[in-house]
Structures are given as C-alpha cells and as structure tokens.
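Reader: I'm new to reading protein models, and I'd like to look closely at one part instead of everything at once. Could you pick a helix and walk me through it, with enough background that I can follow?

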Amino acid sequence: MNMNRKITQDAGRKQLGDFAPDFAHFNDDVLFGENWNIPGIDLKTRCLLTVITLMAQGITDSSLVYHLENAKNHGVSNEKIVAAVTHVAFYAGWTKAWAVFRLAKGVWSEKVTSEEAKSQHQASMIFPIGEPNDAYAQYFTGQSYLASVTDE
C-alpha cells in the first residue's frame, strides 16, 4: 500500500451538497479527509474496523456494502472478512452477522477481472507493479511485471 496516498471522498458533495452542504463538508473533508488519513492504522485495517463497527451497530444498508467493497478493494480477503464477522458475531449479535454475511457473500463472489486483481494487489504494495515484462516471459509461468524505482 502506498503510505503517501491521501484518502479523499466526494460522495457527500455529490449526493447531498445542495441539500445539506455542512453535512457534505463534514463527510468529505473531516470524516474521509482528516479521520481516514490519521497515521497509525494502515488502510486495510481501517477498512476492516469500519465494516465491523457498522456491523456492531446493525447498519446493513448501502453504506455497509460500500465499506465491504472498499475493504475488498484494499486487500481484505474473503477468509479475513469471514473470520472477523464470525468473531464479532458472538459480541455484536448473531443476526447482525447473518445480515453482513448476506452482503459480504455478494461482494466477495463477484468475478474479479485480471485488471481489478492487479489494482487490488497494487493497493497493498509500496512500489508500483509496473509494465508487463514480456522480454523474460520464457522464464516465468504467468505474467511478470517490471517497474523502475528510480529515474536513472
């Protein structure tokens, strides 16, 4: 994951900017602009914590679906989300876990294209993946990539 990448959000302004501009500001600039960028917690963990917090509150609407997709896109595996929801079910409620599993199953069962898989993997790395490295294809099974880490 690129530690220098700043999390930004514009959903508040897009969906509520004209109707509730102050709320949109707090959502986009404070919650996602400041809170999601506080150092000390990596993005993958932050995504998982958000899903679990929404579960504990019984929130199973489109906001949970968004955060489940966000967690998946930032490297939370099917196995990790299942283990986390199962663990928290004993503390937050069994029926809440059922509701989350219904949504998570849909998110994690979606077919992932190779470009989406590459993008998800890239989000968990510090260095870029780079361009396909076809020059050495005869020596590798699968696809290899080559990225320069300097301009020299």
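**A close look at helix α4**

Author: Let's start with the whole protein, which has seven helices and two strands. Going from the N terminus, the order is α-α-α-α-α-α-α-β-β, so to speak a run of helices with the strands at the end. Keep in mind that this is a predicted model. Its mean pLDDT is 86, and 85% of the residues reach 70 or more. Confidence is highest in α5, at 97, and lowest in helix α7 (residues 114–123), where the mean is 67. Where pLDDT is low, the predicted coordinates shouldn't be read in detail.

Now for α4, which covers residues 62–73. Here's a check you can do yourself: at 1.5 Å a residue, the 12 residues of α4 should span 16 Å, and since its end C-alpha atoms are 16 Å apart, the two agree. Just after the helix comes Gly-75, with a positive phi of about 100 degrees.

Which residues of α4 are buried? They are Leu-64, His-67, Leu-68, Asn-70, Ala-71 and Lys-72. For the protein as a whole, buried residues make up 30% of the 152 residues.

Take Asn-70, which sits in α4. It counts as buried because its relative accessible area is 11%, and the cut-off for buried is under 20%. Leaving out residues up to four places away in sequence, Asn-70 touches Trp-36 and Cys-47.

Leu-68 is another one to find on your screen. It belongs to the largest nonpolar core, a group of 25 residues, and along with Met-55, Ile-81, Val-85 and Trp-108 it touches the most other members. The elements that give two or more residues to this core are α3 (43–57), α4, α5 (78–92) and α6 (94–109). The largest share, seven residues, comes from α3.

To see how another of those core residues is surrounded, try Met-55. Again skipping residues up to four places away in sequence, Met-55 touches Val-85, Val-88, Ala-89, Ala-92, Gly-93, Lys-96, Ala-97 and Val-100.

Finally, step back to the protein as a whole. Of the contacts with a separation of 6 or more, 54% are between residues 24 or more positions apart. As for the outside, the accessible surface comes to about 10500 Å², and 57% of that belongs to carbon and sulfur atoms.

Key:
Residues numbered from 1 in each chain as written. Predicted model: local features only at pLDDT ≥ 70, side-chain atom pairs only at ≥ 80, totals over all residues. Heavy atoms only, no water. Core = buried A, V, L, I, M, F, W, Y, C linked by side-chain atoms within 4.5 Å. Buried < 20%, exposed > 50% of the residue type's maximum accessible area, 1.4 Å probe, protein only. Helix = DSSP H or I, 4+ residues; strand = E, 2+ residues; numbered from the N terminus. Contact = heavy atoms within 4.5 Å. Expected span 1.5 Å × (residues − 1). Areas by Shrake-Rupley, 256 points an atom, 1.4 Å probe, with all protein chains shown as cover. pLDDT = per-residue confidence, 0-100.
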